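This report describes selected sites and local features of one protein chain. The sequence and the structure are shown first, and the annotated positions are then taken in turn.

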Amino acid sequence: MVKCVISDMDGVIYRGKQLIPGANEFVQKLHADKTPFLFLTNNAEQTPLDLKLKLESLGIHDLTEDNFITSAMATAMFLRQQKERAKVYVIGGGGLINELYNVGFSISESNPDYVVVAKSSTFSFEQLKKAVRFIDHGAKFIGTNPDMIDPIEGGNEPAAGTILAAISAATGKKPYIVGKPNALMMMLASRKLGMHPEDCVMVGDRMDTDIVGGMEAGMKTALVLSGVTTTAMLNDFPYKPDYVFNHVGEIDFKSL
């Protein structure tokens, strides 16, 4: 039986502004069973408070900011270990900028040490030009996450990976990705819960981030088909999840 649960959010708990069936029951079961859990998301646009308020608006209550780890938080923690008081050029939202400020970094267009890229709804050609110039001049290229698309109501929309691909094509350099599927993010989550990875299950909707990241961190993995991955896509990957469910409401953690 698993002792802790680490769960993705987009495509698992909600799609855009719509709660996925079974998501509220999923969280209620975690509370009722007193199972330690964290929401681990590649979303770098929002802070833990933003995510808490979003879930409350969708009807999921009794959460705290400590129930969340975002790829922005993981990126800031990683970069602080690499270099203190760094200068950073950011393509991304307020959630990422806030986390970088929290670790003592300055946001700058004057010889930045890093170019940090996340999903951005305001991404422009001017930002692309600046990012390429800074990387060509020696700035390290960092991505919060590699997701090419995000599930929303009625379909999908471009995500961080599409911006990273454009910059990579122009510079000939690949970014270092901090978020899922990097097992570093999974290890940060299990450490925050005070658990060993082998005692945790990673719940997610993406084979190429959630499932492979959990697997490489030594966790059990549970794929839900409420987001990006379909049953037909499972054979496209050389690895498989331990469990497959239609949505999180089907999961009985006592039987895992």
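## Basis of the contacts

Two residues are in contact when they have heavy atoms within 4.5 Å of each other. The structure is a predicted model.

## The annotated aspartates

The unreviewed UniProt entry carries the annotation "active site" at Asp-8 and Asp-10. The same record places the feature "binding site" at Asp-8, Asp-10 and Asp-205. These three residues span 198 residues in sequence, yet no two of their C-alpha atoms are more than 8.1 Å apart, so they gather at one spot. Of the three, Asp-8 and Asp-10 are included in the lining of the largest pocket.

Asp-8 is located in the loop between β1 and β2. With 4% relative accessibility, Asp-8 counts as buried, because the limit for that class is under 20%. Beyond its neighbours within four places in sequence, Asp-8 is in contact with Ile-13, Phe-39, Leu-40, Thr-41, Lys-180, Met-202, Val-203, Gly-204, Asp-205 and Asp-210. Asp-10 is placed in the loop between β1 (4-7) and β2 (14-15), and its relative accessibility of 15% also puts it in the buried class. With the same sequence neighbours left aside, the contacts of Asp-10 are Thr-41, Asn-43, Pro-151 and Asp-205.

Asp-205 belongs to the loop between β13 (200-204) and α8 (207-216). Its relative accessibility is 0%, and Asp-205 therefore counts as buried. Apart from residues up to four places away in sequence, Asp-205 touches Asp-8, Asp-10, Gly-11, Val-12, Pro-151, Asp-210, Leu-223, Val-224, Gly-227, Val-228 and Thr-229.

## Lys-180 and the cis peptide bond

Lys-180 is covered by a "binding site" annotation in the unreviewed UniProt entry. The residue is found in the loop between β12 (176-177) and α7, and it is buried, with a relative accessible area of 1%. Leaving aside neighbours within four places in sequence, Lys-180 is in contact with Asp-8, Leu-40, Thr-41, Asn-42, Pro-146, Met-185, Met-186, Met-202, Thr-209 and Asp-210.

Which residues does the cis peptide bond join? It links Lys-180 and Pro-181, with omega of about 15°. Pro-181 lies in the loop between β12 and α7. Most peptide bonds are trans.

## Packing of α3 and α7

Helix α3 (residues 71-82) packs with helix α7 (residues 183-193) at an angle of about 95°, and their axes are 11 Å apart. That angle makes α3 roughly perpendicular to α7. On the α3 side, Ser-71, Ala-74, Met-77 and Phe-78 meet Leu-184, Met-185 and Leu-188 of α7. By class, this contact has 6 nonpolar residues, 1 polar residue and no charged residues.

## Ser-226 and Asp-113

Ser-226 is placed in the loop between β14 (220-224) and β15 (243-245). Its relative accessible area is 12%, so Ser-226 is buried. Without neighbours within four places in sequence, its contacts are Gly-11, Val-12, Arg-15, Ile-20, Asn-246 and His-247.

Asp-113 is found in the loop between β7 (106-107) and β8 (114-117). At 24% relative accessibility, Asp-113 counts as partly exposed. Not counting residues up to four places away in sequence, it touches Lys-83, Ala-86, Lys-87, Ala-139 and Lys-140. Between Asp-113 and Ile-20, which are 93 residues apart along the chain, the C-alpha separation is 40 Å.

## Positive phi values

Most residues other than glycine have a negative phi. Where does Asp-62, with its positive phi, lie? Asp-62 is in the loop between α2 (48-57) and β5 (68-70), and its phi is near 65°. The residue is exposed, with a relative accessible area of 65%.

Asn-111 also has a positive phi, of about 50°, although it is not a glycine. Asn-111 is found in the loop between β7 and β8. A relative accessible area of 65% makes Asn-111 exposed.

Technical notes:
Residues are numbered from 1 along each chain as its sequence is written. This is a predicted model: local features need pLDDT of at least 70, side-chain atom pairs count only at pLDDT 80 or more; totals for chains, interfaces and linings use all residues. Side-chain values use heavy atoms; hydrogens and water are left out. UniProt positions are given in the numbering used here, feature names are shortened, and annotations may be inferred rather than shown by experiment. On a 1 Å grid over the protein atoms alone, a cavity is a set of points where a 1.4 Å probe fits but cannot get out, and a pocket is an open set with protein on both sides within 12 Å along at least five of seven lines; lining residues have an atom within 4 Å of a point. Helices (H or I, at least four residues) and strands (E, at least two) are DSSP runs, numbered from the N terminus. Buried means under 20% relative accessible area, exposed over 50%, partly exposed in between (1.4 Å probe, protein chains only). Axes are lines fitted to C-alpha atoms, for helices over the stretch in contact, and angles run from 0 to 180 degrees between N-to-C directions. Angles under 35 degrees count as roughly parallel, over 145 as roughly antiparallel, 65 to 115 as roughly perpendicular and the rest as oblique. Ala, Val, Leu, Ile, Met, Phe, Trp, Tyr, Cys and Pro count as nonpolar, Asp, Glu, Lys and Arg as charged, and the others, Gly among them, as polar.
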